[in-house]
Structures are given as C-alpha cells and as structure tokens.
Amino acid sequence: MAQVIIMPKFGNMVERSVIVSWHVNVGDIIQKGDILCEVETDKATLKVESTASGILLARFFEENDSVPVLSNLALIGQTAETSHTHLI
C-alpha cells in the first residue's frame, strides 16, 4: 500500500516551508531515512527524510513551491500502484 509523506513541522512557529531541491525523481527507489528534499524555513535549510521504503510514485509540489506544514508532499509505494491518489 502506498504511503504519503507529509511536510514536517520544523518548529512551533513554522507554518510553511519552501522546497529548495528534490533529491529523488518519480520512479526512483528510495529507502526509509533517505533524503527526499531540502526545504527552507524562515530560519534554516533542512532535509526531509523518507518515512517509507519503495518507489517514489508522485511529488505533489515542485522546487520553489511554498508548502504548508503537514501537507502531503510525496507518495511512496510499489510499481504496481498508481499515483492517482493525489491527496493534497
């Protein structure tokens, strides 16, 4: 079953983070703990780790997008699954 990766909340006052760069592309194999992307808050640039292993099926945002915390960021699953479960 596909797992949604959410934008973490990096602090009590952080409401949004901007995606600086993606480290993986759709179709790439990823392991739990691998870096998905780097994001920037108003105070720091941080790395977002994958909380699941599998294949990156979808990225719901692109570089330079401002993403609200706890929003669906990416979808990781297996090759037989589809990315039509776009849950923003």
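Two strands count as paired if DSSP finds at least two bridges between them. E4 and strand E5 (residues 45-49) clear that bar with 5 bridges, and they run antiparallel. The model here is a predicted one. Its protein chain has 0 helices and 8 strands, so read from the N terminus on, the order of elements is simply β-β-β-β-β-β-β-β. Here's a quick tour, by topic.

**The open sheet**

- Four strands make up an open sheet in the order E5-E4-E2-E7, with antiparallel pairing.
- E5 and E7 sit at the edges, each pairing on one side only.
- From one strand to the next, the twist averages 45 degrees.
- Strand E2 (residues 16-22) and strand E4 (residues 35-40) are joined by 4 bridges and run antiparallel.
- If you want a handle on the E2 to E4 register, look at Ile19, whose bridge partner in E4 is Val39.

**The E4 to E5 hairpin**

- How many residues does the hairpin use to join E4 to E5? The link runs through 4 residues.
- Two bridge partners help you trace this pair by eye: Glu38 is matched with Lys47 in E5, and Ile35 is matched with Glu49 in E5.

**The nonpolar core**

- The largest nonpolar core holds 22 residues, and the ones touching the most other members are Ile19, Trp22, Leu36, Cys37, Leu73 and Ile76.
- E2, E4, E6 and E8 are the elements that give two or more residues to this core.
- Across the protein chain, buried residues make up 36% of the 88 residues.

**Leu73 and Leu36 up close**

- Leu73 lies in strand E8 (residues 72-77).
- Is Leu73 buried or exposed? Its relative accessibility is 0%, and the cut-off for buried is under 20%, so Leu73 counts as buried.
- Setting aside neighbours within four places in sequence, Leu73 is in contact with Ile5, Ile6, Met7, Ile19, Trp22, Cys37, Val48, Arg59, Phe60 and Phe61.
- With the same neighbours within four places left aside, Leu36 is in contact with Ile5, Trp22, His23, Val24, Ile30, Val48, Glu49, Ser50 and Ile76.
- Put those two lists side by side and Ile5, Trp22 and Val48 turn up in both.
- What separates the C-alpha atoms of Leu73 and Leu36? The gap is 9.7 Å, for residues 37 apart along the chain.

**Loops with positive phi**

- Asn64 sits in the loop between strand E6 (54-59) and strand E7 (66-68).
- The phi of Asn64 is near 75 degrees, a positive value in a residue other than glycine.
- Asn64 has 63% relative accessibility, so this residue counts as exposed.
- Further along, Leu70 is found in the loop between E7 and E8.
- Leu70 isn't a glycine either, yet its phi is positive, at about 70 degrees.
- Is Leu70 buried or exposed? Leu70 has a relative accessible area of 54%, and exposed means over 50%, so it counts as exposed.

**The salt bridge**

- Side chains of opposite charge can pair when their charged atoms come close.
- The count for this model comes to 1 salt bridge.
- Which side chains meet in it? They are those of Arg59 and Glu62, at 3.0 Å from N to O.
- Glu62 has a relative accessible area of 39%, which falls between the buried and exposed cut-offs of 20% and 50%, so this residue is partly exposed.
- Arg59 is also one of the contacts of Leu73.

**Whole-chain numbers**

- Looking at contacts between residues at least 6 apart in sequence, 56% join residues at least 24 apart.
- The accessible surface of the protein chain comes to about 5200 Å², and 51% of that belongs to carbon and sulfur atoms.

Note on methods. Residues numbered from 1 in each chain as written. Predicted model: local features only at pLDDT ≥ 70, side-chain atom pairs only at ≥ 80, totals over all residues. Heavy atoms only, no water. Buried < 20%, exposed > 50% of the residue type's maximum accessible area, 1.4 Å probe, protein only. Contact = heavy atoms within 4.5 Å. Core = buried A, V, L, I, M, F, W, Y, C linked by side-chain atoms within 4.5 Å. Axes fitted to C-alpha atoms, helices over the stretch in contact; angles between N-to-C directions. Areas by Shrake-Rupley, 256 points an atom, 1.4 Å probe, with all protein chains shown as cover. Salt bridge = Lys/Arg side-chain N within 4 Å of Asp/Glu carboxyl O.
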